[in-house]
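Visitor: I'd like a close look at a single part of this one. Which residues surround the ligand? Take your time, and tell me what the neighbouring elements do as well.

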Amino acid sequence: MAALVEHLTPPAVHISGLTRGFGERVVLDGIDLDIPPGQFVALLGHSGSGKSTLLRAIADLDHDVTGTGELQAPERLSVVFQDSRLLPWRRVLDNVLLGARGKDSQGKDPAERGRGALAEVGLAGRERAWPSQLSGGEQQRAALARSLVWEPELLLADEPFGALDALTRLKMHTLLRELWERHRPSVLLVTHDVDEAIVLADRVLVLDQGRFGLDLTIDLPHPRSYRDPHLGEYREQLLAALGVEEDGGVKEA
Ligand SMILES: Nc1ncnc2c1ncn2[C@@H]1O[C@H](COP(=O)(O)OP(=O)(O)OP(=O)(O)O)[C@@H](O)[C@H]1O
């Protein structure tokens, strides 16, 4: 039944035959991808394999890019990057409210929504702080709050935890998953970290030479732990798709 419902519901993201390149360089070479509403997808791939190019194509952020193909994505989407991109001259709440206008689906005005979003990410009471007064992890929390204010149907996250220390990263994993449980947007998370992908996502894609080399469903209950021995078999498959040899070496392309 669930499979039937999934089949009948239009995907949140629909991509067919997507190519993207910069000058002579072909980065995406005829990609097909459907992301159902509410699915949490992680995207892995070597540096330069085109992960950010795909994410930016979905968000329509690149204007010096060439390409063809079909791409449908929700209008209500948010993007979170590796750096928080908070404006240093605006207080935290004002950053979170940037561009937010009108009442939301529950009739809340922007300021109320902004305060609510900051509370959800654990930053209640920090509304009037300047970004420079927040730690790196807190700045990323504020960036997540800013993305929530838009009630996105799709959250695009480009290595949002890449610059954080290991313990802060773990806390942010828990937070992101909790936010997903509560709001259920579709998520496309770009990461270099195989374990992060397995612990957070329900589906992991590996981008290789402009196409998906692997599309893997992670069939483990949440919350997941890095210590779970079941992670091992998924890790093996993903490392193999990334060309990482058993001795840790990397196969030449
Ligand atoms: N604006 C641009 N102009 C020219 N080339 C670009 C541009 N943006 C990306 N590229 C090239 O496209 C290719 C893919 O880049 P992209 O940033 O998508 O890779 P990535 O998989 O996200 O890499 P990383 O993991 O290192 O962030 C690279 O060869 C890069 O040099």
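Guide: Let's start with the whole chain: among contacts with a separation of 6 or more, 70% join residues 24 or more positions apart (a contact is two residues whose C-beta atoms, placed from the backbone, lie within 7 Å). Keep in mind that this is a predicted model, where local features need pLDDT of at least 70 and side-chain atom pairs count only at pLDDT 80 or more, while totals for chains, interfaces and linings use all residues. Residues are numbered from 1 along each chain as its sequence is written.

The protein has 8 helices and 9 strands; these are DSSP runs numbered from the N terminus, H or I of at least four residues for helices and E of at least two for strands. The radius of gyration is 19 Å, which agrees with the value near 18 Å for a compact globule of 253 residues (C-alpha atoms, with the rule 2.2 Å times the number of residues to the power 0.38).

Now to your ligand. Around it sit F22, R25, V27, G45, S47, G48, S49, G50, K51, S52, T53 and D64, each with its C-beta atom, placed from the backbone, within 6 Å of the ligand. By class, that's 2 nonpolar, 7 polar and 3 charged residues. Here Ala, Val, Leu, Ile, Met, Phe, Trp, Tyr, Cys and Pro are nonpolar, Asp, Glu, Lys and Arg are charged, and the others, Gly among them, are polar. Two elements, β2 (25–35) and α2 (51–59), give two or more residues each, and α2 gives the most, with 3.

So what is α2 like? It is largely enclosed by the rest of the structure, because 7 of its 9 residues are buried: K51, S52, T53, L54, L55, A57 and I58. Buried here is 20 or more other C-beta atoms within 10 Å of a residue's own, exposed is 12 or fewer, and partly exposed is in between, with C-beta atoms placed from the backbone. Over the whole protein, buried residues make up 35% of the 253. After α2 comes D60, with a positive phi near 60 degrees.

On the β2 side, 8 bridges join the strand to β1 (residues 13–22), and the two run antiparallel; strands pair if DSSP finds at least two bridges between them. T19, for example, has D29 in β2 as its bridge partner. The hairpin has 2 residues between the strands, and G23 takes a positive phi near 60 degrees there.

G45 from the ligand shell belongs to β3 (residues 40–45), where 6 of 6 residues are buried. F40, A42 and L44 point one way, while V41, L43 and G45 point the other. β3 runs parallel to β7 (residues 186–190), joined by 4 bridges, with V41 opposite L188. It also runs parallel to β8 (residues 203–208), through 5 bridges, and there G45 pairs with L207.

Last, the wider setting. An automatic or database domain assignment gives domain 1 (1–76 + 152–246 + 249–253) and domain 2 (85–151), with C-alpha centres 25 Å apart. In contact are 13 residues of domain 1 and 10 of domain 2. Helix α6 (residues 166–183) gives the most to the domain 1 side, with 6 residues, and that side divides into 9 nonpolar, 2 polar and 2 charged.
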